[in-house]
Amino acid sequence: MLALQASSFLFPPVGKNYTASSDWTWSGTAGGEPIGVGHGRFCRSLFQRCSRQQIGGAQRTMRLLLALLGCSLVFMVQGFYSASDDVVELNPSNFNREVLQSDSLWLIEFYAPWCGHCQSLAADWKKTATALKGIVKVGAVDADQHNSLSGQYSVRGFPTIKIFGANKNKPDDYQGGRSSQAIVDGALNALHTLVKDRMSGRSGGSDYSRQSGGGGGGGGSKEDVVELTDDNFDRLVLNSGEVWLVEFFAPWCGHCKSLEPEWAAAASAVKEQTKDKVHLGAVDATVHQGLASRYGIRGFPTIKIFKKGEEPEDYQGGRTRGDIIAVALDLFSDNAAPLELLEILNADVLKKTCDDYQLCVIAVLPHILDTGAAGRNGYLEVMMKMAEKYKKKMWGWLWTEAGAQMELEASLGIGGFGYPAMAAINARKMKFALLKGSFSETGIHEFLRDLSVGRGSTATVGGGALPNINSVQAWDGKDGELPVEDDYDLSDVDLDDDFGKDEL
C-alpha cells in the first residue's frame with residue numbers, strides 16, 4: 001500500500017496511475033505494468049524515469065529514495081508462505097497435477113500480497129494447514145502473480161477461499177468465519193459431505209436428463225433430481241402437499257446444459273437440508289409437451305414453483321446452485337410445519353433431535369418452584385421466538401428442568417447453578433458452546449448469530465458422547481407444589497416427667 005502510494009507520488013502526471021486505495025485489484029497499472037506482474041521491471045522503470053527527470057540533485061535523490069522504499073515494500077509483501085509451512089503454494093505449473101488430478105479435498109486461498117485482510121489471514125491459514133495436515137490439503141495462490149488461475153475461478157476479491165471437492169472443475173466458495181477454528185470446521189464439514197457422497201455411490205456428477213449426455217458434474221446426484229413426466233407429474237407434484245421447483249428444459253438448449261450441474265448440486269443440498277421436504281424436478285418439454293402446454297412454457301429453461309393449493313409461480317432467482325438453494329430454503333421455512341420445542345423426557349428425545357439436526361439448542365430452566373408456571377412460560381416464549389427467527393437453520397430445540405438431567409448438565413459444564421442456561425450441541429463433532437450473555441431475545445440472538453457464522457468458543461462434550469438421560473414426567477403446565485409432609489402421631493410417645501426441667 002505504501003509502495004503504491006509512493007510510486008503514485010513520484011509520477012502523478014505520467015500514464016494511468018492507479019488511485020491510492022485499499023481496494024486494489026490486479027487490473028490496476030503502475031508505470032505501465034500490471035500490478036503484481038513484473039515487479040522487477042516496474043521498479044527498474046521507476047529508477048530510470050526518476051534519473052531522466054530534469055530536476056535538482058536534492059529533489060532527484062529524494063525521489064530515488066522514495067522509489068527504493070516503495071519497491072522494497074512491494075517485494076516485502078510478496079510470498080506469505082514458504083517451504084517450511086504446511087501450506088502448498090500453487091501456480092499454473094503445478095495446479096493441475098496437485099489439485100485437479102488429486103482425489104483429496106483441497107482448501108485454497110486466492111490472495112494478493114498487498115491485501116491487508118490477506119496479511120491478517122496468513123497466520124490462521126498456516127495454523128489451519130498444520131491442523132489439517134494429512135486430512136485435507138491446504139493451498140494458496142498468489143493471484144497477483146498468477147492471475148490466470150484467479151481469473152479461471154472468477155476470483156473478484158481477496159482473500160477468496162474455495163473448496164475443491166468431488167468435482168474439481170466446480171469448486172464451492174467457502175462462506176464461513178476467518179479464524180483457524182472456523183476454517184477447520186468448514187473443511188471437516190466439506191470432508192464429511194465428500195465421504196458421505198462416496199459411500200452412497202455419488203460420483204460428483206449428474207445426468208438426470210439427456211441434456212449433458214451423462215457427463216458433466218457439480219457435486220450433485222441424478223437420483224436427487226426427480227424426472228417428471230405426463231404420467232407421474234400430478235401424483236408426485238400436485239398431490240404431494242410439498243414444495244417443488246420444476247425445471248422445464250429442452251435437450252438441445254445451451255442454457256439448459258449450463259444449468260444442469262447447478263440444478264443437480266442444488267437438488268442434493270436441498271434434499272439433505274430440508275429433510276426431503278422440498279424437491280427439485282425436471283421435465284423434458286420436448287417429450288412431455290402436454291405438461292409444457294399446460295403451464296405455458298415458451299422458452300428454455302423455465303423454472304416453476306409449485307406449492308400446495310396454490311397456482312404455480314415463476315422462479316425469479318439466480319441460476320447458480322447457491323441462488324437455487326437459498327430460494328428453496330426460503331420456501332421450506334415459509335411452508336414448514338410449526339417448530340417444536342421439546343422437553344427432554346427420555347434418551348430418545350435427545351438423541352433423535354441431536355442426530356437429525358446440525359445443532360440442537362438446549363435450555364436448562366429453573367425449577368418450577370423457583371419460577372412458577374408464568375416464569376417458565378416466559379422463558380419458553382423467548383425460546384420459541386428465537387426458534388422462529390432461526391427457522392431457516394433447521395436446528396432442533398429442547399429444554400429440561402434444572403436438576404432433572406444432572407449428567408447432561410455436567411457434560412455441558414452447567415453444573416447446578418446459573419439458571420436459566422443454554423447450550424448448543426453439534427452431535428456429529430461432539431462439540432458444544434455455552435450462552436455467556438443473558439437469557440433474553442437479545443442475548444440468545446447474539447449467541448446464535450455468532451454460532452451461525454463460525455464464531456464463538458466451543459468445547460468437547462464431557463465424555464465425548466451424549467450422556468445418560470433420565471426418563472421423567474412431562475411438565476403439566478401448572479405451578480409447582482411443595483411436597484406434602486407426613487403428620488406424626490405423638491400420643492404413644494413417652495415423655496420423661498422431667499422434660500420441662502432446666503437442670504441437666
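Contact here means heavy atoms within 4.5 Å. With that settled, helix α7 is a handy place to start in this predicted model. Among the elements that cover the buried residues of α7 are β4 (106-111), α5 (116-131) and β6 (160-164). The buried set itself is made up of S180, A182, I183, V184, G186, A187, A190, L194 and D197. As for length, α7 takes in the 20 residues 180-199, and at 1.5 Å a residue these should span 28 Å; the C-alpha atoms at the two ends turn out to be 28 Å apart, so expectation and model agree.

Stepping back to the whole chain, the secondary structure adds up to 15 helices and 18 strands. Some 44% of the 504 residues count as buried. Looking just at contacts with a separation of 6 or more, 70% come from residues 24 or more positions apart.

Two helix pairs are worth a look. Packed helices are described by the angle between their axes and by the distance between those axes. For helix α9 (residues 254-273) and helix α11 (residues 321-335), the axes come within 8 Å and cross at roughly 35°. This crossing of α9 and α11 is right-handed. On the α9 side, the contact draws on L259, E262, W263, A265, A266, A269, V270 and Q273, while α11 brings in R321, I324, I325, A328 and L329. Sorted by class, that makes 10 nonpolar residues, one polar and two charged in the contact of α9 with α11.

The other pair is helix α13 (residues 368-389) with helix α15 (residues 441-452), whose axes sit 10 Å apart at an angle of about 40°. Angles under 35 degrees would count as roughly parallel, so α13 and α15 end up as oblique to each other. Here, too, the handedness is clear: α13 passes α15 in a right-handed crossing. V382, K385, M386 and K389 of α13 meet E441, I444, H445 and L448 of α15. The class tally for the contact of α13 with α15 is four nonpolar, one polar and three charged residues.

Finally, a single loop residue. N94 lies in the loop between β3 (88-90) and α4 (95-100). Is N94 buried or exposed? The cut-off for buried is under 20% relative accessible area, and N94 has 12% relative accessibility, so N94 counts as buried. Leaving aside residues up to four places away in sequence, N94 touches E89 and V99.

Technical notes: Residues numbered from 1 in each chain as written. Predicted model: local features only at pLDDT ≥ 70, side-chain atom pairs only at ≥ 80, totals over all residues. Heavy atoms only, no water. Axes fitted to C-alpha atoms, helices over the stretch in contact; angles between N-to-C directions. Helix = DSSP H or I, 4+ residues; strand = E, 2+ residues; numbered from the N terminus. Parallel < 35°, antiparallel > 145°, perpendicular 65-115°, else oblique. Left-handed = near helix turned anticlockwise from the far one by under 90°. Nonpolar A, V, L, I, M, F, W, Y, C, P; charged D, E, K, R; others polar. Buried < 20%, exposed > 50% of the residue type's maximum accessible area, 1.4 Å probe, protein only. Expected span 1.5 Å × (residues − 1).
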